[in-house]
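I opened a fresh notebook page for this one. My plan was to look things up one at a time and jot down each answer as I went.

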Amino acid sequence: MSNEKQGGQKTAESTKIAPATGKLGIMVVGLGAVATTFIAGVEAVRRGLAKPIGSLTQMGTIRLGKRTDNRSPLVKDFIPLARLDDIVFTGWDIFEDNVYESAAHAKVLEKDTLEQLKPYLEAIKPLPAVFDQYYVKRLNGTHVKKGKNKRDFANQLIDDIRAFKATVDRVVVIWCGSTEIFIEPSAVHQTIEAFEKGLDDDDIGIAPSQIYAYAALSEGVPFANGAPNLTVDIPAMIELSKKNAAPICGKDFKTGQTFMKTVLAPAFKARLLGVSGWYSTNILGNRDGEVLDDPESFKTKEESKLGVLDYILQPDLYPDLYKDIYHKVRINYYPPRGDNKEGWDNIDIFGWLGYPMQIKVDFLCRDSILAAPIALDLVLFLDLAKRTPELRSIGIQEWLSFYLKSPQTAAGLYPEHDLFIQSMKLKNTLRHIMGEDLITHLGLEYYD
């Protein structure tokens with residue numbers, strides 16, 4: 001990054017981050033289990049009913065300077081983030097249920113919690129959504145927009161964004177909708193012009209999530225993708241993001257099983273322990289599980305989950321340890337489990353002289369409880385990026401990889417999946433934009 005003086009000090013110009021004044025509008029695509037848990041959780045925290053556990057922006061600290069300086073402020077006190085009290089929610093959904101009704105149906109939050117928040121949640125009613133069952137086979141939307149073609153749908157979404165913009169000071173759009181069928185990048189995705197022609201021609205390669213992203217980025221609004229869909233990770237959207245200073249990042253909230261992989265795999269590599277096989281299976285009973293029961297939607301999720309180990313373990317660099325790893329991922333729809341997903345992993349490792357060992361992990365997680373603080377941090381950090389001169393026009397915010405199963409990078413760069421490297425990248429980016437020294441953990445100065 002530019003604008004640095006000797007010794008790591010930045011020029012005053014590069015640190016002119018616009019303040020987070022006024023209201024931040026969050027437009028959520030898909031008001032299902034994750035979104036309603038996110039919205040209800042923010043309101044519960046605002047009312048002092050709960051703590052924002054799992055949120056780096058709300059509970060995390062950041063070390064500044066040397067260990068002996070004893071400077072570790074809260075992240076939210078160090079950088080100019082929007083306050084929770086200034087967040088305003090709206091969104092789109094393919095069903096008419098308001099946020100209270102949808103949250104009650106999702107059965108993630110306890111009834112007592114929802115009843116305390118009922119008047120607030122009932123007031124958030126979804127806008128009709130852009131929906132095409134071709135891309136999500138297991139759902140049948142009843143609260144959907146009607147239009148002549150995909151261009152018409154994009155224009156309707158732009159109208160929605162502009163109307164909401166008129167009521168708040170800044171806007172971020174976040175996809176919390178279902179996983180679409182697997183789509184390969186094609187000619188329609190290569191340039192803004194090709195994509196816009198595809199909108200006019202109803203190109204089959206343009207899925208609803210891409211229409212939402214196009215509408216947001218066209219309006220200069222940052223966009224986060226909580227699902228593994230092919231959405232902003234195409235050249236047309238990257239170009240649009242840079243052109244309109246609308247930050248984007250990777251995709252697919254890193255919640256349960258993949259979160260554990262990005263913790264465990266770096267440990268195996270750090271200790272140079274071999275891995276011969278990694279079998280992962282999930283059972284999940286919410287709407288996400290139902291959608292992923294369709295093989296075409298599962299293919300999209302599978303691609304997102306499978307890439308993690310290759311990038312962390314680097315079998316080309318460590319062929320004796322990881323070249324022949326057998327990696328299998330399964331997701332099974334099991335309605336009785338609801339949102340309480342079970343992720344079970346069997347890991348076959350080997351150590352000194354090739355002697356085999358096994359590790360079993362059974363993660364009885366709550367999918368939406370893990371995803372909600374990720375959604376909060378992403379929208380707050382994307383809003384920060386939009387207000388930061390050095391970040392807003394670079395397109396991809398790779399420093400947000402920490403939150404995502406599929407980090408997005410500049411062309412030619414492999415993605416970094418190691419959770420601890422991702423955490424360092426995130427915090428060093430915050431230090432950098434605030435003019436603080438980066439932390440390398442070298443530590444030799446303490447022993448001079």
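Below are my entries, grouped by topic.

**Entry 1: the cores**

I noted before anything else that this is a predicted model. Then I looked up the nonpolar cores. The largest one has 57 residues. Inside this core, Ile26, Phe253, Phe381 and Leu430 have the most contacts. I also looked up which helix gives the most to this core, and it is H14, residues 367-386, with 12 residues. A second core stands separate from it and has 48 residues, among them Ile192, Ala207, Ala215 and Met237. A general reminder for my margin: in soluble globular proteins, nonpolar side chains tend to be buried together.

I picked Phe253 for a closer look. Which residues does Phe253 touch, not counting those up to four places away in sequence? My list includes Val34, Ile174, Trp175 and Cys176. It also includes Ala371, Ile374, Ala375 and Leu378. Tyr403, Leu404 and Lys405 are touched by Phe253 as well.

**Entry 2: helix H6**

Next I turned to H6, which covers residues 150-165. I checked its length: with 16 residues at 1.5 Å a residue, H6 should span 22 Å, and its end C-alpha atoms are 22 Å apart, so the two agree. At the start of H6, I found a side-chain oxygen of Asn149 within 3.2 Å of the backbone nitrogen of Arg151.

Which residues of H6 are buried? I wrote down Lys150, Asp152, Phe153, Ala154, Leu157, Ile158, Asp160, Ile161 and Phe164. The buried residues of H6 pack against strands S1 (24-29), S2 (87-93), S3 and S4 (170-175), and against helices H7 (192-201) and H8 (208-218).

**Entry 3: the loop before H6**

Lys148 sits in the loop between strand S3 (127-128) and H6. Is Lys148 buried or exposed? With 74% relative accessibility, Lys148 counts as exposed. I also compared Lys148 with Asp200: they are 52 residues apart in sequence, and their C-alpha atoms are 9.4 Å apart in space.

**Entry 4: salt bridges**

I counted 19 salt bridges. One of them joins the side chains of Lys145 and Asp160, at 2.8 Å from N to O. Lys145 is in the loop between S3 and H6 while Asp160 is in H6, so this pair ties together parts 15 residues apart in sequence. Lys145 counts as buried at 11% relative accessibility, and Asp160 counts as buried at 15%.

Another salt bridge links Glu219 and Lys165, with the closest N and O atoms 3.7 Å apart. Glu219 is in the loop between H8 and strand S5 (223-225) and Lys165 is in H6, so the pair ties together parts 54 residues apart in sequence. Glu219 is buried at 16% relative accessibility, whereas Lys165 is partly exposed at 32%.

I looked up Glu342 and Arg337 too, whose side chains meet in a salt bridge of 3.0 Å, N to O. Glu342 is buried, with a relative accessible area of 18%, and Arg337 is partly exposed at 24%. Finally, Lys23, Arg83, Asp85 and Asp86 are joined into one network by salt bridges that share partners.

**Entry 5: two aspartates in loops**

Asp203 lies in the loop between H7 and H8, and at 26% relative accessibility Asp203 counts as partly exposed. A polar atom of the Asp203 side chain lies 2.7 Å from the backbone nitrogen of Gly205. Leaving aside neighbours within four places in sequence, Asp203 is in contact with Tyr135, Lys150, Val188 and Gly198. Asp203 and Asn149 are 54 residues apart in sequence, with 9.5 Å between their C-alpha atoms.

Asp418 is in the loop between strand S11 (404-406) and helix H15 (419-433). How far from Asp418 is the nearest side chain of opposite charge? That side chain is Lys269, 6.0 Å away, and Asp418 is buried with no salt bridge. Beyond its neighbours within four places in sequence, Asp418 is in contact with Thr262, Pro266 and Ile312.

**Entry 6: positive phi**

Ala245 is not a glycine, yet has a positive phi of about 50°. Ala245 is in the loop between helix H9 (235-243) and strand S6 (248-253), and counts as buried at 14% relative accessibility. Gln314 also has a positive phi, near 50°. I found Gln314 in the loop between helix H12 (295-313) and helix H13 (319-322).

Note on methods:
Residues numbered from 1 in each chain as written. Predicted model: local features only at pLDDT ≥ 70, side-chain atom pairs only at ≥ 80, totals over all residues. Heavy atoms only, no water. Core = buried A, V, L, I, M, F, W, Y, C linked by side-chain atoms within 4.5 Å. Buried < 20%, exposed > 50% of the residue type's maximum accessible area, 1.4 Å probe, protein only. Helix = DSSP H or I, 4+ residues; strand = E, 2+ residues; numbered from the N terminus. Contact = heavy atoms within 4.5 Å. Expected span 1.5 Å × (residues − 1). Polar contact = N/O pair within 3.5 Å; in protein donor to acceptor, adjacent residues only side chain to side chain. Lys, Arg positive; Asp, Glu negative; His and termini not counted. Salt bridge = Lys/Arg side-chain N within 4 Å of Asp/Glu carboxyl O.
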